Amino acid sequence: MNPLDNVIVVLVGTLYSGNVGSVCRAMANMGLSRLTLVAPRILDGWEEGRRLAVHATDILDARREVATLDEALADCAAVVGTTARGGLYRATVQPPRVLAPEILRLAAQAPVAIVFGREDQGLHNDEIARCTHLIRIPVDPRYQSLNLSQALLIVAYELYAATGTYVSPVEEAVSLATQATKHALMAKWRQAMLDIGFMDEQKADHMMQGFQRIFSRGVRTDPDASIMLGAAHQMSWAGRRARGNQS
């Protein structure tokens, strides 16, 4: 079973449907699908929420709405609260990257709730007291406020990353350019620079040392060298043609 299927996003006292819709979109991005709203106080109707959910309206439509947090958490084996504030009841916080593996371990066995508070007040102390774990997202202390959907996306990303299901695309297999190829490139580039009048023969050796340093940092594969050889060939042709037209 995919443990993400056992992760329930719980929003308490949400005010704006746009935030709920944006949360749904972020959930869909990161493989989450279960959403519960506790005593939502939506002030603007649901049109904005549906618009911002984009292609995640199925999550929005399937949302569960309950009157109390206790009702939302009744079948959960663990409750992860999110908080940006400090205090006696909020001291044992962990960043989402640290806590994500534990959340997934628990979610592999039973439902786990991740609880987000109100846009204007966050979670109250009595709600924090119901949590078995607490998350605080590391941010610059000069500005610690995160939008609800931003906070959810960060937490959901860490969960998704911790599943290990993402595999980086395999880079195209290419052969490294040999020294002979690089030498041919530098010779061609030298001639091209002379043909277009970028340098004269007396300063060519000195200036080519600079080009050598540049190319050694960036031209590493056969395709790289082929492109630059082609560019040098075209520049040489254009330079010679221009000089011929002038004479």
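**Note on the parallel sheet, its crossover and two pockets**

1. Val 38 of strand S2 has Val 66 as its bridge partner in S3. The model discussed here is a predicted one. The contact between these valines belongs to a parallel pairing of S2 with strand S3 (residues 64-66), which extends over three bridges.

2. What is the strand order of the sheet? The seven strands form an open sheet in the order S3-S2-S1-S6-S4-S7-S5, and the pairing is parallel. S3 and strand S5 (93-94) are the edge strands, each of them pairing on one side only. Strands of a sheet are held to one another through backbone hydrogen bonds, in either a parallel or an antiparallel manner.

3. Strand S1 (residues 7-12) deserves attention for its burial. Six of its six residues are buried, so S1 is largely enclosed by the rest of the structure. Side chains in a regular strand point alternately to the two faces of the sheet. In S1 both faces are covered: one side carries the buried residues Val 7, Val 9 and Leu 11, while the other carries Ile 8, Val 10 and Val 12, also buried.

4. S1 has a pairing with strand S6 (residues 112-116), which is parallel and comprises five bridges. Within this pairing, Leu 11 stands opposite Phe 116 of S6. Leu 11 is also one of the buried residues that cover S1.

5. S1 pairs with S2 as well, again in the parallel sense and over five bridges. Two residue pairs illustrate the register: Val 9 stands opposite Leu 35 in S2, and Val 10 has Thr 36 in S2 as its bridge partner. Which hand does the connection between these strands have? The chain leaves S1, passes through helix H1 (residues 17-29) and arrives at S2 in a β-α-β crossover that is right-handed.

6. Is S2 enclosed or open to its surroundings? Four of the five residues in S2 (residues 34-38) are buried, so the strand is largely enclosed by the rest of the structure.

7. Further along the sheet, strand S4 (residues 78-82) runs parallel to strand S7 (residues 133-135), and three bridges join them. Thr 82 stands opposite Ile 135 of S7 in this pairing. Arg 130 is located in the loop that leads from helix H6 (125-128) to S7. Its relative accessibility is 33%, so Arg 130 counts as partly exposed. Arg 130 and Ala 78 are separated by 52 residues in sequence, with their C-alpha atoms 9.5 Å apart in space.

8. Two backbone conformations should be checked by the reader. Most residues other than glycine have a negative phi. Ala 39, although not a glycine, has a positive phi of about 45°. Ala 39 lies in the loop between S2 and helix H2 (47-53), and its relative accessibility of 35% places it among residues counted as partly exposed. Val 54, likewise not a glycine, has a positive phi of about 55°. Val 54 is in the loop between H2 and helix H3 (57-61) and is partly exposed, at 33% relative accessible area.

9. The largest pocket holds about 510 Å³ of space. Which of its 24 lining residues are closest to the centre? They are Thr 83, Ala 84, Arg 118, Gly 122 and Leu 146. By class, the lining of this pocket comprises nine nonpolar, nine polar and six charged residues.

10. The second largest pocket contains about 210 Å³ of space. Helix H8 (179-195) and helix H9 (201-218) each contribute at least two residues to its lining, and H8 gives the most, with six residues. The residues that line this pocket include Gln 179, Lys 182, His 183, Met 208, Phe 215 and Val 219. The lining has six nonpolar, four polar and one charged residues by class.

11. H8 itself has 17 residues and spans 24 Å from its first C-alpha to its last, close to the 24 Å expected at 1.5 Å a residue. The buried residues of H8 are Leu 185, Met 186, Trp 189, Ala 192, Met 193, Leu 194 and Asp 195. Of these, Leu 185 and Met 186 also belong to the lining of the second largest pocket. Just after H8, Gly 197 adopts a positive phi of about 80°.

Definitions and conventions: Residues are numbered from 1 along each chain as its sequence is written. This is a predicted model: local features need pLDDT of at least 70, side-chain atom pairs count only at pLDDT 80 or more; totals for chains, interfaces and linings use all residues. Side-chain values use heavy atoms; hydrogens and water are left out. Buried means under 20% relative accessible area, exposed over 50%, partly exposed in between (1.4 Å probe, protein chains only). Two strands pair if DSSP finds at least two bridges between them. A crossover is right-handed if, with the strands pointing away from the viewer, the path from the first strand over the helix to the second runs clockwise. On a 1 Å grid over the protein atoms alone, a cavity is a set of points where a 1.4 Å probe fits but cannot get out, and a pocket is an open set with protein on both sides within 12 Å along at least five of seven lines; lining residues have an atom within 4 Å of a point. Grid points are joined across faces, edges and corners, and a volume is the space filled by probe spheres set on the points. Ala, Val, Leu, Ile, Met, Phe, Trp, Tyr, Cys and Pro count as nonpolar, Asp, Glu, Lys and Arg as charged, and the others, Gly among them, as polar. The expected span of a helix is 1.5 Å times one less than its number of residues.
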